[in-house]
Amino acid sequence: EVDWQVGQQLVVVTTAWTDDPEDHQNELRSISAVSGAQITLSAPLDFDHYGGPEYFAEVALLSRSVTFQGDASSEASRYGGHVMCVPGAKCQVAGVLGFRMGQENFMGRYPFHFHMMGTVSDSFFEDCAVQHSFFRAYTVHGTSSSRVSRNVAYDVSGSAYYLEDGNEENNLFDYNLAAFVHIIDRLSDYENGGGQGGVTVQTQASRIVPTDATAVGFYCTNAKNRWIGNSASGGFSGFHFPTVPQVLGDSAAAYPNYKPDEMELLEFDSNTAHSSGRLWSRGSCMYVGGRLWEENPGSQQYSYITGRASPPRYGGKFIMTRTKVFACRLGVLFWGTHWSAGKPDLGLEGFEAHDISRSSSQLGDTYMHNAVISAYTANTATDLVKVGDGFELYDTDMQTVLADITFRNYDRPNDVAIQDMTHSNIFKPQGMFHSDKIRFENTPMEHRLRHVERLACKSYHSDSCLNRCSFCPGTPGSSQTANLFDVDGSLSGLGEATILGADDAAAETNGRTNEWWRLDPSCTQNTDWGFWLCPTHGHRSIVSLFIMQGIMSSPPARTSSDTAVGMLYHFGRTDRYLDLGLAESPMVTGACCDIGWFLHLDAGALSELTIFMDQMVDFGGLVFATRYPAGASFTIQRCLPSCSGVTQGNSLEDVLNAPGTVYYVDAQGRLYLKFLYEQNGYFEAAGVKQLTNGHRYLAGKGARYTIRSSLSGAVALAVPPALNGEPVTGTTTASSTAGSSGTTTASTTAGSTTAAACATQRWENCRQTLCCSSSDDVCYEKDQYYAQCKPSGQCTPGINENEPPEYQTPWSCTVLSTQTTTMATTTTTTMGTTTAITTTTTTTTTTTTATTTTTTTTTTATTTTTTTTTTTTAATTTTVPTSTTATACATQRWKNCRQSLCCSNSDDTCYEKNQYYAQCRPTGDCTPGINPNDAPEYQTPWSCTVLSSTPTETTTATTTTTTTTTTTTTTTTTTTTTTTTTTT
């Protein structure tokens, strides 16, 4: 039952989004009857006010038995009454209505006001109402430990519940309502060109406190207070926590060293905000941001930045529990904290967001746990947002965890539950998003995730690519490194830990990034989402590096002329690579640690290189390699941040077994390192652990490796074999199967590529495939390292001035592809030492096949003129080592001899591990089975089969080859093949 009475006035608060003075759906009515909990109104309501399972309209009693009010003339002057409790008083005001109270733009003239009372023990405003106020409602000024409980503020100019100077602490605001809050002297522009910073506003006669240009329900200059069970409707925002670096106004002189923005949130529980955030494109129902200060403390001449300001607040640990937002553009906007603030910066526990464009924008080290996010409800208000993206990653150097979240009703066109961050070339993501226990209701598979498509030349920042679309074609850097980490497989639907990485391919980048996040054959591609989905197999992580020219001992910039420009390749794959240096950005992000990274620099090997470990695993390690001219010597240091020398090992295995302290150089001049930072640490929230990032700033110097080489200059591309021993491959034939979810499973086969299966699209590198997917294109050579599919006839030898300066090397324009290709057919018979090979004519690339097959060939009868050419070679006998001459063997001890089948050292033998890997080891030093000294991820059994041997005799018999075309009948020939056949 309620004790409200017939004839009393109440307000039914809006559940629409719009809440302007001239356009709103708040409705005043009087009570005509009361029966238990049922109230009959004096007249029907004009608008629908939603009441559903997600949220419902507030209904507030405005009438009180005691009324303080301004007279009728105050309407014109906006000069009403005010109640002030002064120092030394014990102030207890309960059950009072303030009507036409407050004096607009007169400091200290508010309807109900605790004024400079210091710390109080039993003062409160309780069960009061403020209606039609000219300046605020309830102000706590220079007063601590007061209570403001169960009050109503309706139709109020300026911020309603107000902490004035920033030194107010330990006050309690509980179960209060603020509704229909009005801006004072509304700005003509809140965007300032659309940036994050909003606009800067100063004190002026028409608005003495500039924050009233963004008036809110609850204005909170000091987080060290308690807000419980409050509700805010309307205003620029519902709750606002601006950054206040120093105490303001009347309290400034007494508190010169007090820092309000260093205070941490005492309690914020069960609060609701709605119907706000319309005035600014980044407007939100709850806002932690903006900055308020006085150039001359105590002057009451204020300056205010409405948007993101620097430095940010110094107080963290904003833990908001059981918070609800609805009918907003953005639910919660949190601009982050200084790096020194307590962690986490923001936590949303038990969060709900309904009928919103986006649930939250969270900068810093933040998490959301146990939440429900609804794109829409059954609310019929016509001004609610029509498209929702439930959560979007934002900025970089962040740590974000979403756990136990339900996304609901993302089924309209363009709705998406989660989307990544792809708006920049220089602000690129590390491994900074982890999800766990994600659920979807009424959200089709294709609406769950989105890799946002943007262009490098249309990024949000003034980098070297901006508006230069021919200079920087394709996707931006943040798109190419975009990633999500699905802890339990609930986000991806795979049911196991999964890395989701952008599926940017060469055709949509500048040709220098392709399938970087496609890690192995177990990966699947979801084309609806734009991601590769790769299981972690229990050991994969995401890491980030900054790669710079020269020796550095201070943190790198996000964009710099000292960026090392080149490409990173997966070990063993020449077709999976990432651009380094787009818009002069030195940052790269990728998967670790069974995927080695090989760096190939455009300018050749550098004599000095610094590699910052911005985010790195604390065990295992990222295997990294780059190539130098033969004979180079090295001085390598590991700096954390103090530097110590990295010693040279004798094998890659030495590198793998060491804790980042050993390097190795192979016979091809490839330098191998393992990056490891044991003190990297984790951001932990809601049971999820995420590697911390930002270690390029460690102690002002950065966690880094420095490399000095005695030699520099041009080196050929030489991608190392995969870490599991598989040989280098880069030619793929992909078969795809698309299901209802848009997921494509691609299988990869190394070998020949037929014209029909050629996957090299226009503007992609065809150096390996020597073909183009379009019949209108030709594979033109630039140099020995690069070729490109271009429209036929569109290649001019020499420098192409439209290319970026760092890529302006001459094109040879040699044609490497032809317009038609015929599939090679091979029939081989082996008899003793004589091999007869018959092949059809082909224009494909050289293909090597090692198989045991049965081949059936059928020839249809034809009649033509016969032409025969016969070549005879006399039989010879020579003594050579198996496969390779001993004096030419370059495979050194501990190197992979799977291909060479020999060892350069006469004391070594090539021992097989498996079908993919073998190693030159001291003769007799191989025991079948698991080698406990192998790195854990490589502990698979050794067969120890000897693949190298002593010289043997090989006989080449007389061979006659006949090519003929003649009249034939249909014949069938069956041949069993058990040899290695090479067909060109």
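Two strands pair if DSSP finds at least two bridges between them. Helices (H or I, at least four residues) and strands (E, at least two) are DSSP runs, numbered from the N terminus. The structure is a predicted model, in which local features need pLDDT of at least 70 and side-chain atom pairs count only at pLDDT 80 or more, while totals for chains, interfaces and linings use all residues. Residues are numbered from 1 along each chain as its sequence is written, and side-chain values use heavy atoms, with hydrogens and water left out.

**Exercise 1. Parallel strands**

Task: Determine in which sense β9 pairs with strand β6 and with strand β12, parallel or antiparallel.

Solution.
1. Strand β6 (residues 83-85) and strand β9 (residues 112-119) run parallel and are joined by 3 bridges.
2. Within this pair, Val 83 is opposite Phe 112 of β9.
3. β9 also pairs with strand β12 (residues 138-144), in the parallel sense and over 6 bridges.
4. Here Phe 114 has Val 140 of β12 as its bridge partner.

**Exercise 2. Antiparallel strands and a hairpin**

Task: Identify the partners of strand β48 and state what joins β48 to β49.

Solution.
1. Strand β48 (residues 634-639) pairs with strand β54 (residues 704-709) in the antiparallel sense, over 6 bridges.
2. Ile 636 is placed opposite Ile 707 in β54.
3. The pairing of β48 with strand β49 (residues 643-648) is antiparallel as well, over 4 bridges.
4. In β49, Ser 644 is the bridge partner of Arg 638.
5. The connection from β48 to β49 is a hairpin of 3 residues.
6. Pro 641 lies in this loop between β48 and β49, and the peptide bond from Leu 640 to Pro 641 is cis, with omega near -5°.

**Exercise 3. Backbone angles**

Task: State what is notable about the peptide bond from Ser 310 to Pro 311 and about the phi values of Ala 686 and Cys 813.

Solution.
1. Most residues other than glycine have a negative phi, and most peptide bonds are trans.
2. The bond from Ser 310 to Pro 311 is cis, with omega near 0°; Pro 311 is in the loop between β26 (302-305) and β27 (318-321).
3. Ala 686 has a positive phi, near 55°, and is in the loop between β52 (682-685) and β53 (688-691).
4. Cys 813, which is not a glycine, has a positive phi of about 60°; this residue is in the loop between β57 (787-791) and β58 (826-831).
5. To judge accessibility, note that buried means under 20% relative accessible area, exposed over 50%, and partly exposed in between (1.4 Å probe, protein chains only).
6. Ala 686 counts as partly exposed because its relative accessibility is 33%, whereas Cys 813 is buried because its relative accessible area is 12%.

**Exercise 4. The nonpolar cores**

Task: Name the residues that touch the most other members of the largest nonpolar core, and the strand that gives the most to this core.

Solution.
1. A nonpolar core is a set of buried Ala, Val, Leu, Ile, Met, Phe, Trp, Tyr and Cys residues joined through side-chain atoms within 4.5 Å.
2. The largest nonpolar core has 102 residues, of which Tyr 138, Trp 227, Phe 241 and Phe 407 touch the most other members.
3. Strand β28 (residues 324-334) gives the most to this core, with 6 residues.
4. A second, separate core has 51 residues, among them Cys 593, Met 613, Val 646 and Tyr 663.
5. For the whole protein, 56% of the 984 residues count as buried.

**Exercise 5. The second largest cavity**

Task: Describe the volume and the lining of the second largest cavity.

Solution.
1. On a 1 Å grid over the protein atoms alone, a cavity is a set of points where a 1.4 Å probe fits but cannot get out, and lining residues have an atom within 4 Å of a point.
2. Grid points are joined across faces, edges and corners, and a volume is the space filled by probe spheres set on the points.
3. The volume of the second largest cavity is about 80 Å³.
4. Its lining includes Thr 243, Val 288, Arg 308 and Trp 335.
5. Strand β25 (residues 284-294) gives the most to this lining, with 3 residues.

Definitions and conventions: 1 Å grid on protein atoms, 1.4 Å probe; cavity = no way out; pocket = protein on both sides within 12 Å on 5 of 7 lines; lining within 4 Å.
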